[in-house]
Amino acid sequence: PGAMDLVLELAEKTGADLALAHDPDADRVAVAVPGPHGWRRLTGDEVGGLLAEHVLRATSGADRLVATTIVSSSLLRKIAARYGVHYAETLTGFKWIARAARPDQRMVFGYEEALGYSVGTPDGLLVHDKDGIGAALVIAGLAAQAKQHGRSLQDLLDEQAREYGLHATRQYAVRVADPSLITAALSRLRAAPPAALGGRAVAAAEDLATGPGGLPPTEGLRYFLAGDARVVVRPSGTEPKLKCYLEVVREVAGTDVAAARARAEAELDAVQADLAAALG
């Protein structure tokens, strides 16, 4: 919050179609678009979905691979299935994403929800790490292409929601003064896992420390909720806080994406409230 205030102020003043911002080393890029209620920052998952589909439309071959992390949206898996390409899910961090491809696979796109993207070419990735410069160029080109057809990035997002379902994601962080509280909270969840979150039953729970699904063991927990929702809880690797990643997926009734988005946000609020109570 606050990091993009100046660029959004300038975008509003100049009547811009798109706002882009990099962090100091330009390995991440943030995107904002104008809307009926002012400028809206897109989530990393929203940008990841747009870039993934753009790359898959521009490349070919069954050996293509797209990759993301266990805390990113499940949308990329559905996009990969739609285009008949390989999909990989890794631990957080681009060091894992960049190594996701097997010898018989050609990685053309990788992203993490924390605004990190690597956009490939028909021959594969040019940069095997987060690349905010390359991603910004592709996003700008995608927005320009959409405008030529009287559309916007928000229109493309709505189109994806109608095709794959609305995937609403949110990161919720719990900062602590004493790092031992993080260990205690995870221990409580392991000893007494929640039966439901946000009114959705916990259909399955995974302890990431056991390396489920062939993942390298890592500290954290993952819950799959009834009705296509998911929660991941893990300690931050750099700060004294627990990071919680929430996702709710809703089908879009007809063309009313806005209504589906509003319902999904309310459901995320409910999941977050129950999770906060469970964490103590």
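**Contacts of Arg230, aromatic pairs and nonpolar cores**

Leaving aside neighbours within four places in sequence, Arg230 is in contact with Ile70, Val71, Ser72, Ser73, Arg222, Tyr223, Phe224, Leu225, Tyr245, Leu246 and Glu247. The model examined here is a predicted one. Arg230 belongs to strand E12, which covers residues 229-235. With a relative accessible area of 7%, Arg230 is buried, because buried residues are those under 20%. Two of the contacts of Arg230 involve backbone oxygens: a polar atom of the Arg230 side chain lies 2.7 Å from the backbone oxygen of Ser72, and the side chain of Arg230 reaches the backbone oxygen of Val71 at 3.5 Å.

Aromatic rings were considered next. A search of the whole structure yields 2 aromatic pairs. In one of them, the ring centres of Phe109 and Tyr111 are 6.0 Å apart and the planes meet at 25 degrees, so this pair is stacked. Tyr111 also forms a stacked pair with Tyr117, with 6.2 Å from centre to centre and 15 degrees between the planes. Phe109, Tyr111 and Tyr117 are thus linked by ring pairs into a cluster. The members of this cluster are buried: Phe109 has a relative accessibility of 0%, Tyr111 has a relative accessible area of 1%, and the value for Tyr117 is 1%.

Charged side chains are also placed over aromatic rings. Arg82 lies over the face of Tyr83, at 5.0 Å from the ring centre. The charged end of Arg99 sits over the ring of Trp96, at a distance of 5.1 Å from its centre.

In soluble globular proteins, nonpolar side chains tend to be buried together. The largest nonpolar core of the present model comprises 33 residues, and those with the most contacts inside it are Leu51, Val66, Phe109, Tyr117 and Leu153. Two or more residues of this core are given by each of the following elements: strand E2 (29-35), helix H2 (44-58), helix H3 (75-83), strand E6 (106-112), strand E7 (116-119), helix H5 (132-148) and helix H6 (153-164). Another core, of 29 residues, lies apart from the largest one and includes Val202, Cys244, Val252 and Val271.

Within the largest core, Leu153 is one of the residues with the most contacts. When residues up to four places away in sequence are not counted, Leu153 touches Leu18, Val31, Val33, Leu50, Ile139, Leu142 and Ala143. Phe109 and Tyr117, also listed among the residues with the most contacts inside this core, belong to the aromatic cluster described above.

How values were computed. Residues are numbered from 1 along each chain as its sequence is written. This is a predicted model: local features need pLDDT of at least 70, side-chain atom pairs count only at pLDDT 80 or more; totals for chains, interfaces and linings use all residues. Side-chain values use heavy atoms; hydrogens and water are left out. Rings of Phe, Tyr and Trp (its six-membered ring) pair if their centres lie within 6.5 Å; planes under 30 degrees apart count as stacked, over 60 as edge-to-face and the rest as tilted. Buried means under 20% relative accessible area, exposed over 50%, partly exposed in between (1.4 Å probe, protein chains only). A charge sits over a ring if NZ of Lys or CZ of Arg is within 6 Å of the ring centre and within 35 degrees of the ring normal. A nonpolar core is a set of buried Ala, Val, Leu, Ile, Met, Phe, Trp, Tyr and Cys residues joined through side-chain atoms within 4.5 Å. Helices (H or I, at least four residues) and strands (E, at least two) are DSSP runs, numbered from the N terminus. Contact means heavy atoms within 4.5 Å. A polar contact is a pair of N or O atoms within 3.5 Å; within protein, one must be able to donate a hydrogen and the other to accept it, and residues adjacent in sequence count only if both atoms are side-chain atoms.
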